[in-house]
Amino acid sequence: MIAIYAYNNEIEIHQLPVICFQCIIAIGLVLTARHFHFVESFEISYSLFMTMLPLGIFYVIMLCSSFFSLFYCSISVIAVFKNLAIVFIVFGERFLFDER
C-alpha cells in the first residue's frame, strides 16, 4: 500500500523509495528483454512522442483521481460507482454507435 493513514488521518507517503525501486527493476527487465531479443525495440520519434503524450497525461490523471477518490469517499461508494460505470459504458456505446 502506497499511502498509510497516520493517527491524525493525514496521509504519509513514505514508501516512495519502494516505488522507485520497482521502476528501476522494470526498466532493467525491459532492457534485459531487449538485449536478448525477447521483444522488438523501435526508435521513438517526436511525432510518436506527441501522439502518445495525451495518453500518458490521461493515465496519470486517472491514477490521481483514483487515489483521491479513495481518500475522500468510502469503499462502498467507490464500488457502486465502479459497477455503475459499466452500465454507463454500455448505454454510451449503444447511444454513440447504435449497436445492440
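**Phe58.** I started with Phe58 and asked: is this side chain buried or exposed? Phe58 counts as exposed because its relative accessibility is 58%, where exposed means over 50% relative accessible area, buried under 20%, and partly exposed in between (1.4 Å probe, protein chains only). I found Phe58 in helix α2, residues 46-72; helices (H or I, at least four residues) and strands (E, at least two) are DSSP runs, numbered from the N terminus.

**Ground rules.** I am working with a predicted model, in which local features need pLDDT of at least 70 and side-chain atom pairs count only at pLDDT 80 or more, while totals for chains, interfaces and linings use all residues. Residues are numbered from 1 along each chain as its sequence is written, and side-chain values use heavy atoms, with hydrogens and water left out.

**The patch.** Next I looked up which residues join Phe58 in a nonpolar surface patch. The patch covers about 1300 Å², and Phe42, Ile44, Tyr46, Leu48, Phe49, Met50, Met52, Leu53, Leu55, Ile57 and Ile61 contribute to it along with Phe58. Patch members have over 30% relative accessible area and no salt bridge; like charges are joined within 9 Å, and nonpolar side chains (Val, Leu, Ile, Met, Phe, Trp, Tyr) within 5 Å. A salt bridge here is a side-chain nitrogen of Lys or Arg within 4 Å of a carboxyl oxygen of Asp or Glu.

**Helix α2.** Met52, one of the patch residues, is also where α2 has a kink of about 35 degrees, shortly before Pro54. The bend is the angle between axes fitted to the seven residues ending there and the seven starting there. I then checked the span: the 27 residues of α2 should cover 39 Å at 1.5 Å a residue, and the end C-alpha atoms are 39 Å apart, so the two agree. The expected span is 1.5 Å times one less than the number of residues.

**Helix α3.** I did the same for α3, residues 75-97: its 23 residues should span 33 Å, which agrees with the 33 Å between its end C-alpha atoms. Asp98 follows α3 and has a positive phi, near 55 degrees.

**The α1-α2 loop.** His37 sits in the loop between α1 (16-35) and α2, and its phi is also positive, near 60 degrees. Most residues other than glycine have a negative phi. His37 is exposed, at 69%. Ser41 belongs to this loop too and is partly exposed, at 47%.

**Cysteines.** How many disulfides does the whole structure hold? My search gave zero, taking a disulfide as a pair of cysteine sulfur atoms within 2.5 Å. The sulfur of Cys20 has its closest cysteine sulfur in Cys23, 6.3 Å away, so a bond is ruled out by distance. Cys20 is partly exposed, at 40%, and so is Cys64, at 39%.

**Whole chain.** Last, I noted three helices and two strands, in the order β-β-α-α-α. Buried residues make up 3% of the 100 residues. The chain exposes about 9600 Å², 73% of it from carbon and sulfur atoms; areas come from the Shrake-Rupley method with a 1.4 Å probe, and for residues only the protein chains shown count as cover.
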